[in-house]
Amino acid sequence: ERYFSSKADMKGKKVLVTAGPTHEKIDPVRFIGNYSSGKMGYALAEECASRGAEVTLVSGPVSLSLHNPAVKLVRVESAREMLAACEDVFPSSDVAVMCAAVADYAPRNVADHKIKREHSDVPVIELVKNPDIAATLGKMKRSGQLLVGFALETDNEADNACEKLQRKNLDMIVLNSMRDKGAGFGTDTNKVTIFKADGAREEFGLKPKREVAADIVDAIMSI
Ligand code: CTP
Ligand code: CA
């Protein structure tokens, strides 16, 4: 259903959002991917648009649809394609929110033909590091631009999130809770803690991703 916000505090702002997983090709019919559903990123894009922003959503492969015609959708598959789309859009953006679960590695070589099971040894897939999109935008960032990242950690959650905030030159990072049932990949709810570059920290309860998106946008607009 279409959702309208009562706020119009992002009017005139240009926002870039990344969402979903990336798929890294092995051969024409196979890829390396992850369980990201894209729901959090799509909810964020819709929230920003409903608050008046002009939104570009750079999305990896997901099966979600958009409700707000004010969101411009750019579909990509791999981390490299996502980086190229972001490098295009970021210079004219006021805010960028890196919600995508970008694959950290990609196969070094993509087979031209489907890898066949018979007549071959068990294949070894050599991987290479993907570019860090958030860190790349962090280096490109000019004064007045805000860059927001996400983190999902299994241990030392707060320390790891804050280390990422600094290393990638972010203004804010949203830590997804792994501890709570109903939070994270595929679910419709999420539980987050927000850390800002000035040291401020705010913890939220388990709630629908749409409401989490509103909390995140409130936090961005308070910087
Ligand atoms: N990110 C990105 N490009 C990558 C990897 C991550 O833009 N190649 C962004 C994510 O969208 C997220 C933030 O960086 O906003 C943190 O992602 P995460 O996977 O937690 O960070 P990594 O630096 O990949 O560290 P880790 O080893 O914990 O996976
Ligand atoms: Ca990673």
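**Group meeting: a mixed sheet and its helices**

Let me begin in the middle of the sheet, where strand β6, residues 95-98, and strand β9 run parallel and are joined by four bridges. Within that pairing, V95 stands opposite L146 in β9. Please keep in mind throughout that what we are looking at is a predicted model.

For those who are new to this, strands of a sheet pair through backbone hydrogen bonds, and they can do so either parallel or antiparallel.

Staying with β9, which covers residues 146-152, we can ask how many of its seven residues are buried. The count is six, so that the strand is mostly covered, where buried means under 20% relative accessible area. β9 also pairs with strand β10, residues 172-176, again in the parallel sense, and here there are five bridges; one of the positions to look for is A151, whose bridge partner in β10 is L175.

Going back to β6, we find that strand β1, residues 14-19, is joined to β6 by four bridges and that these two strands run parallel, with T18 standing opposite M98 in β6.

If we now step back to the whole sheet, it is an open one of eight strands, in the order β5-β4-β1-β6-β9-β10-β12-β13, and its pairing is mixed. At the edges are β5, residues 71-75, and β13, residues 201-203, each of which pairs on one side only. From one strand to the next, the twist averages 15°.

Next, the helices. Helix α1, residues 39-50, lies across β1, β4, β5, β6 and β9, and it runs at about 170° to β4, which spans residues 54-59.

Helix α2, residues 79-89, and helix α3, residues 133-140, have axes that come within 10 Å and cross at roughly 25°. Angles under 35 degrees count as roughly parallel, and α2 and α3 are therefore roughly parallel to each other. Their crossing is right-handed. On the α2 side the contact is made by A79, M82, L83, C86 and E87, while α3 contributes I133, T136, L137 and M140. Sorted by character, the residues of this contact are seven nonpolar, one polar and one charged.

Finally, let us look at S177, which sits in the loop between β10 and β11, the latter being residues 189-190. Is S177 buried or exposed? Its relative accessible area is 12%, and because that is under 20%, S177 counts as buried. Apart from neighbours within four places in sequence, S177 is in contact with E157, A183 and K191.

Technical notes
Residues are numbered from 1 along each chain as its sequence is written. Chains are lettered from A and ligands numbered from 1 in the order in which they are written. This is a predicted model: local features need pLDDT of at least 70, side-chain atom pairs count only at pLDDT 80 or more; totals for chains, interfaces and linings use all residues. Side-chain values use heavy atoms; hydrogens and water are left out. Axes are lines fitted to C-alpha atoms, for helices over the stretch in contact, and angles run from 0 to 180 degrees between N-to-C directions. Angles under 35 degrees count as roughly parallel, over 145 as roughly antiparallel, 65 to 115 as roughly perpendicular and the rest as oblique. A crossing is left-handed if the near helix is turned anticlockwise from the far one by less than a right angle, and right-handed if clockwise. Contact means heavy atoms within 4.5 Å. Ala, Val, Leu, Ile, Met, Phe, Trp, Tyr, Cys and Pro count as nonpolar, Asp, Glu, Lys and Arg as charged, and the others, Gly among them, as polar. Buried means under 20% relative accessible area, exposed over 50%, partly exposed in between (1.4 Å probe, protein chains only). Two strands pair if DSSP finds at least two bridges between them.
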